[in-house]
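Work through the exercises below with the sequence and the model at hand. Try each task before reading its solution.

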Amino acid sequence: MKEHRNISIADQIFDQLEREILSGKYARGEVLSELRLSKELDVSRTPIREALLRLEQENILKETGRGMEVIGISSEDMLDMYDIRLHLEGEAARRAALHISDEQLTQLLELTELQRYYINKQGNSSSEHTKNLDSEFHELLYTSSGSKAYMDVLIRIHKKMTKYRMASFSKQSRALQSNDEHMAIYQALALHDPNAAEQAAITHVRNAMHRMELMEPIDT
């Protein structure tokens, strides 16, 4: 029971640290020691150690001998991840058009409409809601593909794009364009049209990639 509890705590710490590193709370090059994090998070060093090792395996941290150094995600990493999504996301959408359920379609539409609502509010908290709804939309799209392999790879990549995506969604024009693209994906899925779904998904990723290339570099 104690071991199960430690694993659960380690999972929570892993999720928290990954989110904070990718969102820029910890700067690139900053060293995170077990002792420091144990004090900051008020937990023992055992689950901290497990979480740090997992972050190292994700290539977000690297061992330096004096602690784990933050690597984060570079602009070059981001372009590579977009390139991977260009190759995989269209196929995931194509598969989703054949497998998606009526319940999943309803959920996608609700997410798209709710995202539009928050975009129109134009506040800082609205940008956070918009980003979270974007993540939910894509996770549901990947899940609807019926492929666990596609789902695992694409969800992991999408999560790592948090900081750049947040900067993008702070611009209302881009957020509105993204929302229109989500609606196009939904409409193609609702028609169960694999070709249209694939093209809509590829267009969405390509536009997001182009938007990122125009952004000022962001240190992570």
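Helices (H or I, at least four residues) and strands (E, at least two) are DSSP runs, numbered from the N terminus. The model is predicted, so local features need pLDDT of at least 70 and side-chain atom pairs count only at pLDDT 80 or more, while totals for chains, interfaces and linings use all residues. Residues are numbered from 1 along each chain as its sequence is written, and side-chain values use heavy atoms, with hydrogens and water left out.

**Exercise 1.** Work out where Glu40 and Arg36 sit relative to each other in helix α2, and describe their salt bridge.

Solution. Step 1: a salt bridge is a side-chain nitrogen of Lys or Arg within 4 Å of a carboxyl oxygen of Asp or Glu. For Glu40 and Arg36 the closest N and O atoms are 2.8 Å apart.
Step 2: helix α2 spans residues 34–41, and because Glu40 and Arg36 are four residues apart in it, about one helical turn separates them.
Step 3: buried means under 20% relative accessible area, exposed over 50%, and partly exposed in between (1.4 Å probe, protein chains only). Glu40, at 43%, is partly exposed, and Arg36, at 26%, is partly exposed.
Step 4: Glu30 joins Arg36 and Glu40 in a network of salt bridges.

**Exercise 2.** Describe the salt bridge between Lys159 and Glu18, and find the helix that holds each residue.

Solution. Step 1: the closest N and O atoms of Lys159 and Glu18 are 3.5 Å apart.
Step 2: Lys159 belongs to helix α7 and Glu18 to helix α1, so this pair links distant parts of the chain, 141 residues apart.
Step 3: Lys159 is partly exposed at 36%, whereas Glu18 is buried at 5%.

**Exercise 3.** In which order do the three strands of the open sheet lie?

Solution. Step 1: two strands pair if DSSP finds at least two bridges between them. The order is β1-β3-β2, with antiparallel pairing.
Step 2: β1 (31–32) and β2 (61–63) are the edge strands, each pairing on one side only.
Step 3: β1 and β3 (residues 68–70) pair over two bridges, and Leu32 stands opposite Met68 in β3.

**Exercise 4.** Is Ser147 buried or exposed, and what does it touch?

Solution. Step 1: Ser147 is found in the loop between α6 (124–144) and α7 (148–160).
Step 2: with a relative accessible area of 12%, Ser147 is buried.
Step 3: contact means heavy atoms within 4.5 Å. Not counting residues up to four places away in sequence, Ser147 touches Arg95 and Tyr142.
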